[in-house]
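User: I am new to this structure and would like a close look at a single part of it, with enough of the surroundings to place that part in the whole. Please take your time over the answer.

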Amino acid sequence: MSDFTPLRSVLYMPSSNERALEKAKAIACDGLILDLEDAVAPDAKPAAREAAAAAAASGEYGRRTVTIRVNGIGTQWHDDDIVAAAQAGPAGVVVPKVNSADEVRALVAALEKAGAPDHTRLWAMVETPEAVFNVREIAAASDRLAVLVMGTNDLVKELYAEHVPGRAPLLTSLSLSLLAARAAGVAILDGVYNDVKNTDGFLAECQQGREMGFDGKTLIHPGQIEGANTAFAPSESAVEDARGILAAWEDGKGSGVVTYNGKMVENLHVESAERTLSIHEAITALGS
């Protein structure tokens with residue numbers, strides 16, 4: 001997994017805010033979503049599109065994974081957004097409310113028609129009941145789809161649910177989407193946490209997302225970056241254990257039963273340890 005890309009912290013940035021785009025070059029998030037959708041007023045969308053495309057094409061964001069979120073399928077801005085994003089060549093084009101495998105294939109065809117380079121992947125947002133029911137097919141619909149992004153605010157709205165600690169109303173949707181991502185071999189990002197002043201609540205939700213298996217979390221404020229980076233990175237003890245498991249496995253080859261710290265080591269433990277170290281090494285390479 002040497003090509004593993006950390007996506008612990010992926011920050012939405014309004015592309016209509018020139019100062020925010022400039023500031024984003026220096027903050028310690030793993031990824032950026034330069035937003036043309038929710039964060040941008042209708043009359044500001046054409047200028048935001050130009051700004052996002054210029055930023056994504058600039059090469060000035062270092063190791064950060066830079067993506068552009070376009071306006072949704074069927075909106076008056078969508079087609080122009082897709083063309084501009086494809087030609088800018090970001091790491092990903094984030095599309096809201098992707099509800100079916102057919103939509104994935106149509107989006108990929110549109111990106112390719114517009115000249116998107118091979119490295120520009122599709123990130124599909126899962127934010128409706130229909131998408132959750134179709135998420136396995138969505139995740140597997142195209143090799144160009146690289147990431148599922150949970151749109152938890154829209155899901156809560158569509159379910160007539162409430163935002164509550166522990167997210168009980170969303171657990172079915174989150175779990176089904178995780179299963180789909182893992183079955184298809186794509187990454188998956190947890191949804192945003194709305195109350196930027198509630199640090200304890202945010203950190204608890206990060207921990208929950210990490211324990212469930214998410215690769216990282218989408219964020220709405222730079223103050224959330226450090227917490228997400230810590231939560232979705234292997235701890236020092238996890239890295240130490242991973243190294244110990246691999247050493248024990250190497251030493252015990254051919255001896256039948258291998259143990260580490262009194263616990264039996266099997267192939268599945270070795271694979272988990274290798275993944276932990278690959279994530280650790282990729283994060284270390286980022287310098288954060």
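Analyst: What follows begins with helix 7 and then widens to the rest of the chain. The model is a predicted one, in which local features need pLDDT of at least 70 and side-chain atom pairs count only at pLDDT 80 or more, while totals for chains, interfaces and linings use all residues. Residues are numbered from 1 along each chain as its sequence is written, and side-chain values use heavy atoms, with hydrogens and water left out.

Helix 7 spans residues 171–184 and holds Ser177; helices here are DSSP runs of H or I with at least four residues, strands are runs of E with at least two, and both are numbered from the N terminus. Ser177 is buried, since its relative accessible area is 0%, where buried means under 20%, exposed means over 50%, and partly exposed lies in between, with a 1.4 Å probe and protein chains only. Leaving aside neighbours within four places in sequence, Ser177 is in contact (heavy atoms within 4.5 Å) with Val126, Val135, Leu148, Met150 and Ile188. Ser175 also lies in helix 7, but at 31% relative accessibility Ser175 counts as partly exposed. The C-alpha atom of Ser175 is separated by 9.2 Å from that of Gly213, although their positions lie 38 residues apart along the chain.

Leu148, one of the contacts of Ser177, leads on to the interior of the chain. The largest nonpolar core has 63 residues, and Leu148 is among those with the most contacts inside it, together with Leu32 and Leu34; such a core is a set of buried Ala, Val, Leu, Ile, Met, Phe, Trp, Tyr and Cys residues joined through side-chain atoms within 4.5 Å. Apart from this core lies another, of 13 residues, including Val10, Ile33, Val94 and Met125.

Met125 is also in contact with Pro96, whose other contacts beyond four places in sequence are Glu37, Arg69, Val70, Asn71, Gly72 and Glu127. Pro96 sits in the loop between strand 4 (92–95) and helix 4 (101–113), and with a relative accessible area of 1% Pro96 is buried.

On the side of the sequence before helix 7, Tyr160 lies in the loop between helix 6 (152–159) and helix 7. Tyr160 is exposed, its relative accessible area being 78%, and its phi is near 60°, a positive value in a residue other than glycine. Further along, Glu205 is placed in helix 8 (residues 199–212) and counts as buried at 11% relative accessibility. Outside its neighbours within four places in sequence, Glu205 is in contact with Arg167, Asp190, Val192, Tyr193 and Lys217.

As for the whole, the chain has eleven helices and ten strands, and 50% of its 288 residues count as buried. A compact globule with 288 residues would have a radius of gyration near 19 Å, and the 20 Å of the chain agrees with this; the radius is taken over C-alpha atoms, and the globule rule is 2.2 Å times the number of residues to the power 0.38. Among contacts in the chain with a separation of 6 or more, 68% join residues 24 or more positions apart.
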